[in-house]
Amino acid sequence: MFNEVEKPGLLMLGMLLHDIGKAKGHGHVAKGIPLIQGLTRRLGLTPEDGALVEFLVAHHLTMSHIAQRRDIDDPRTIGDFAATVGDSQRLRMLYLLTFADMRAVGPGVLTGWQAAILHELYTRTLARLTGGHDERPNRTRFAERLQAVVGDDVPLQAVKAHVAMVGDRYLTNTSVQRMAAHLRLIAQLDSAPVATELFHHPDLGSSALVVVTRDVPGLFALIAGTLAAHGVNIISAQIATRADGVAIDTFQVNDPAGEAVTSATQWNRLLDALRSVLVREQSVEALLERRQRAVRPGADGLVPPKIAIDNRLSDTDTVVEVKCPDRLGLLHLITRTLSSQGLDIASARIATEIDQALDTFYVHDHEGRKLDEPAATERLRGALEMALTQRT
């Protein structure tokens, strides 16, 4: 990719100077811009070249932020980022700078999963910039392709019903091979309350857990709490619920060391517990309490959280960002609170920096609508603040 950069010297200059504002203290990106503007004039760069270096410095955190904190399956995310970069040359240079910047922090900071998401953001944005556009999925064509993959394993009527009952985002972002696997899992619900599938990606430092079950209020919270009680972290989630109430939830997870969770014994215990939780034979709270006794105490729950609620970042969902000290069961607590406010979670990005949780949720009400009313937004903010500041 570097060989496709038209002016590699400008990329090198932007990379050299991207943190120049740190000499001025907090808010180094904004504080670096005047320094860059003065410096590029002194170097005699053309206005066009100077603007390119300024762009790289101004946005050197943008791409990593979007990859880690935004739902890149949401078309609005890709569209807004494409508008920010403007053309494929700027995108290519920003991707290279971002990758190098994250990689250079230290060993293990840029995980395989983060690198994969960063590259996916690059390729989707490049497609948008070079003429790609979003079309509503053709459900008839999807049903034909899906039937060809499942063959005689699944009746044609079940295939057509599945394609008819899922949302556009699921169809757009799920391969027909994955859909076929989902249909086979759904068939298991005739004899079991939950069906699961597990994939390990050691090269990405993560495992993928697919959970198919009947939707219930607070399902995400139940799953998150069960995983936390067994020492498994969620790093991202994609939630799809069919019109008939069948939930197809896919979680990217890892262990506290940032590696794929490959212990068969650990997974067997976890999945047994998940089945028990979903049929109400035991509670998440009891699981978390047992886990809490076995690990060191978490952060003090009385530290005020930072909560941002935004309706501009997605055309379909309200985006809720929560930053607060990390602790055992935090994700369960947040998602339980979202559910208590009558909200469904479409997707989530979960990150931790040192001891701070940085969690992002794309949510809508049970009718699929954003939280447009200011009163509803404030109720949500108040509920989250109360939940996160109570002593645990």
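**Entry 1: strand 2 and its neighbours**

I began with strand 2 and strand 4, which run antiparallel and are joined by 8 bridges. One pair I looked up here is Ser 207, whose bridge partner in strand 4 is Val 253. A reminder to myself: this is a predicted model.

Next I turned to strand 1. Strand 1 pairs with strand 2 (residues 206–214) in the antiparallel sense, over 8 bridges. I noted two of the partners in strand 2: Ser 206 for His 201, and Ala 208 for Phe 199. Strand 1 and strand 2 make a hairpin, with 4 residues between them. In that turn I found Gly 205, which has a positive phi of about 70°.

Is strand 2 mostly covered or not? I checked its 9 residues and found that 8 of them are buried.

**Entry 2: the whole sheet**

Then I stepped back to see where these strands belong. They are part of an open sheet of 8 strands, with antiparallel pairing and the order 1-2-4-3-7-8-6-5. Which strands stand at the edges? I found strand 1 (194–201) and strand 5 (306–310) there; each has a single partner strand, so one side of each is left without a neighbour in the sheet. I also looked up the twist: on average, neighbouring strands of this sheet are turned by 15° against each other, direction ignored.

**Entry 3: helix 12 on the sheet**

What does helix 12 lie across? I traced residues 219–229 and found this helix lying across strand 2, strand 3 (233–241), strand 4 (246–254) and strand 7 (343–353). Helix 12 runs at about 30° to strand 4.

**Entry 4: helix 12 and helix 13**

I followed helix 12 to another partner, helix 13 (residues 264–278). Their axes come within 9 Å and cross at roughly 145°, and the crossing is right-handed. From helix 12 I listed Leu 219, Leu 222, Ile 223, Thr 226 and Leu 227. They meet Trp 267, Leu 270, Ala 273, Leu 274, Val 277 and Leu 278 of helix 13. Sorting the residues of this contact, I get 10 nonpolar, 1 polar and no charged.

**Entry 5: a look at Gln 89**

Last, I picked out a single residue elsewhere in the chain. Gln 89 sits in helix 6 (residues 88–104). Is Gln 89 buried or exposed? Its relative accessibility is 15%, and buried means under 20%, so I count Gln 89 as buried. What is Gln 89 in contact with, leaving aside its neighbours within four places in sequence? I found Glu 4, Val 5 and Glu 6.

How values were computed:
Residues are numbered from 1 along each chain as its sequence is written. This is a predicted model: local features need pLDDT of at least 70, side-chain atom pairs count only at pLDDT 80 or more; totals for chains, interfaces and linings use all residues. Side-chain values use heavy atoms; hydrogens and water are left out. Two strands pair if DSSP finds at least two bridges between them. Axes are lines fitted to C-alpha atoms, for helices over the stretch in contact, and angles run from 0 to 180 degrees between N-to-C directions. Contact means heavy atoms within 4.5 Å. Buried means under 20% relative accessible area, exposed over 50%, partly exposed in between (1.4 Å probe, protein chains only). A crossing is left-handed if the near helix is turned anticlockwise from the far one by less than a right angle, and right-handed if clockwise. Ala, Val, Leu, Ile, Met, Phe, Trp, Tyr, Cys and Pro count as nonpolar, Asp, Glu, Lys and Arg as charged, and the others, Gly among them, as polar.
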